[in-house]
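Please look over the notes below with the model open beside you. They take up strand pairing and then an enclosed space.

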Amino acid sequence: MRYVPVFVLCVITCLSVAGPIVPTSAAAGVTRVKVVGNERLDSGTVQFYAKVPLTGDVTQPEIDEAIKNLYATSLFSRVSVRVEGNELVIRVKENPVVRSIKIVGNRVFSDKNLENDVLKMKKMSIFTEAKLKRDLSTLHALYQSRGMLGAKVSYAVRRAPHNAVDIVLNIVEGKATRIGEIRFVGNKAFSSSELRAIIYSKEHKLKEGFGLFGGSTKFFAERLVADQSILREFYTSRGFLDFRVKSVVSEVSQDLARAAVVFSVEEGKKYQFGESTVTVSDIAYSYEGIEKDLLELVLSKKGGVFDATMVNGSVARITAHLNERGNLFASVKSDYDVQGDVVNVKYSISLGHSVYIHRINILGNNRTLDNVIRRKLGIHEGDVYSTGAVRQSRKRLADMDFFETVDVETQKISDSLVDLNFRVKERGTGSFDIGAGFSSESGLVGKISVRERNAFGAGKMVAFDLSRSMTSLSGTLDLVTPNVLDSDVAFGVGVFYSQQGSPSSSGGTLGGLLSSSEGSFSSTNAGLSTRLSCNLTDSVAASLQYYYKYHSIHNIGESASIYIKEQEGRHFDSAVGYSLVYSSLDSTYKPSTGVFAKVSQLFSGIGGNLHYVKTEASSAHFFPVFRRIHNDIVLKVRPSFGYVFAYSGETVKIGQRFFVGNSEIRGFAASGIGPRDRNTKESLGGKLFYGLTTQLDFPIGLPEHLGIRGSVFADVASLSRLDSGVGGYDTSDLPRLSIGFGFSWKSPFGPVRIDFGFPIVKEKFDIKDRIRISTDAGI
């Protein structure tokens with residue numbers, strides 16, 4: 001009891017100091033808000049960030065909430081709010097602004113990469129110690145993930161005028177920690193060397209340190225995670241379904257220079273495939289026998305070694321097949337039923353409901369007509385949605401070469417309806433070219449070309465070409481109209497004219513085909529052609545053509561070959577023909593895989609005074625090779641063949657023969673091989689030719705946008721046979737061979753090639769020409 005007076009005295013004292021007890025509404029009557037300490041922000045902005053009413057009856061919880069909200073903006077380092085009379089006073093101290101960020105000592109990562117992709121603190125942003133420490137932690141973790149375990153990051157914050165700061169980040173990267181040893185524990189079926197060969201991480205040895213695997217010897221924690229996935233895939237694809245990586249232990253040396261990695265694995269039992277079954281839960285919505293058909297898509301065979309990748313591949317194949325059929329929402333799940341050392345795989349399938357195309361929208365075509373685009377689509381409104389048909393339709397539009405890009409968006413309308421939005425970006429389809437060049441056969445050459453591939457946006461093609469050289473003049477005019485009478489057939493008509501004169505009397509052509517003007521001749525060709533063409537399938541096109549041509553050989557020099565003189569006169573060639581084209585190329589202009597093949601025949605003698613049959617066939621095969629070195633190395637193999645014969649007691653005239661040279665076998669002149677007059681050295685052409693071009697195209701290290709690539713090649717060709725029993729000319733069935741290299745350039749004026757060819761197998765009467773400049777057509 002003796003302490004009671006003391007306690008009462010303390011209570012009285014506290015009450016006298018604190019004054020009367022105030023309820024939570026003690027701040028009633030606040031009529032004015034005053035902000036103190038703000039420099040960059042105006043008072044209204046500070047009040048706005050408080051997010052509570054600051055006048056009238058202001059309670060203590062509201063004041064606390066205002067303080068909390070102001071701190072949450074990270075704009076202030078100190079905040080206090082109190083009532084002084086009828087004023088609510090907000091005192092703040094603003095956080096400084098980051099004026100500059102300087103990074104020192106970084107070599108592995110550039111300043112730009114670190115500032116844009118790693119650091120959250122930016123120039124002119126609000127500086128806080130918390131933000132800075134988060135960025136330091138991120139930087140340290142980044143270097144650790146790149147194998148630089150000894151990397152250190154320090155900083156300095158320097159005050160600047162106007163409440164700003166300059167930040168300096170000092171990075172000491174140090175050397176990368178290398179993997180000195182990789183060990184495996186628990187492996188029995190495969191040796192440690194076999195396992196080391198398949199994982200990404202490699203031991204640091206001389207050949208790996210300076211070779212292709214130098215980066216793989218760095219100690220990356222992320223890479224070790226990928227290594228575990230590789231090991232799991234390796235084992236489960238070889239029968240070990242229960243395989244697991246128990247642990248990965250890393251032992252780092254004290255100087256952080258080297259690390260030893262130990263993988264502890266548990267292989268488990270080796271299994272075989274048992275029965276595979278397919279069960280469709282909603283089979284009532286499909287056709288009878290679907291389970292049997294889907295079972296044929298399963299890759300695994302009973303009795304084979306269990307392979308998880310085969311199961312995943314089977315799931316992918318079944319899903320793709322169902323999507324093609326319109327079951328867009330089909331789901332395929334695989335379950336394992338393990339019986340001893342046998343794994344039975346059960347594929348459970350839910351077809352879902354079929355999805356139909358509600359509307360097809362064409363977007364972005366400002367010039368090309370809608371109906372031109374829709375004709376190319378392999379799908380229509382109301383069709384069952386098929387991923388394969390959509391993919392093929394997109395490819396058809398891209399192959400038109402009217403558009404820079406073609407994108408397809410599937411927009412869900414309901415559970416059973418989707419809209420397809422084909423969005424295109426049009427490119428220029430017209431061209432006007434004026435060029436000049438030099439030909440070893442014709443000297444200076446000038447050319448004018450006008451071409452429009454999408455005239456009036458209707459998909460019509462109009463082309464006009466005119467060329468003039470020192471010895472020749474030629475011109476063509478072509479018009480192709482697609483979808484005649486609203487069909488899939490295209491109609492083309494063209495006229496042509498060419499005149500080949502004698503070279504000047506000062507000497508023969510540089511190619512050496514003619515020794516002088518007295519040994520030369522002139523020729524004139526003129527006529528018209530018509531053709532009908534259509535696509536039989538997505539890969540096969542066919543065409544029928546007819547042409548009527550006037551052909552004249554005249555102005556024959558006195559010392560010309562007797563085989564030329566016997567051709568003098570006028571001929572009228574009336575011929576019908578056909579052609580078949582197959583293409584599976586991934587790109588028409590820069591193919592890397594696929595086949596392009598063409599077969600054509602002409603039958604002359606339907607009117608006119610010439611009677612012959614001419615057959616030609618060629619193909620081009622493209623293969624991507626050496627993918628591990630570069631993914632843009634392509635091998636092209638192009639065989640070709642031609643044969644012509646006359647009937648009705650006639651001989652094959654010079655205008656219908658084949659002439660083979662640098663277009664077929666580089667290293668030789670134009671018309672450089674084949675039958676040749678022994679005296680005048682004139683090329684006489686031949687009835688039979690064949691050839692084979694093998695070419696490897698590859699990048700040469702220059703920036704891709706320059707469009708320059710290198711090539712090495714080997715060409716084989718032969719030309720022989722004449723309808724003449726008279727001697728006086730040289731001919732040979734010997735296959736000629738040349739090798740060489742070249743460069744292609746996708747120039748602003750069109751694709752250009754320059755080739756350097758070197759004949760290896762040749763005849764004495766052949767004419768060589770080691771340099772060829774030409775356009776590069778890709779195929």
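1. Strand 23 and strand 24 form a hairpin, with four residues between them; strands here are DSSP runs of E with at least two residues, and helices are runs of H or I with at least four residues, both numbered from the N terminus. The model is a predicted one, in which local features need pLDDT of at least 70 and side-chain atom pairs count only at pLDDT 80 or more, while totals for chains, interfaces and linings use all residues. Residues are numbered from 1 along each chain as its sequence is written, and side-chain values use heavy atoms, with hydrogens and water left out.

2. Strand 23 and strand 24 (residues 540–554) pair in the antiparallel sense over 14 bridges, where pairing requires that DSSP finds at least two bridges between the strands. Within this pairing, serine 533 stands opposite serine 543 in strand 24.

3. Strand 23 (residues 522–535) also pairs with strand 22 (residues 490–500), again in the antiparallel sense, over eleven bridges. Here glutamine 499 has threonine 524, in strand 23, as its bridge partner.

4. The lining of the largest cavity, that is, of a set of points on a 1 Å grid over the protein atoms alone where a 1.4 Å probe fits but cannot get out, with lining residues having an atom within 4 Å of a point, consists of Ile101, Leu119, Met121, Leu132, Asp135, Ile167 and Leu169. Helix 5 (129–145) and strand 8 (164–172) are the elements that give two or more residues to this lining.

Notes. On a 1 Å grid over the protein atoms alone, a cavity is a set of points where a 1.4 Å probe fits but cannot get out, and a pocket is an open set with protein on both sides within 12 Å along at least five of seven lines; lining residues have an atom within 4 Å of a point.
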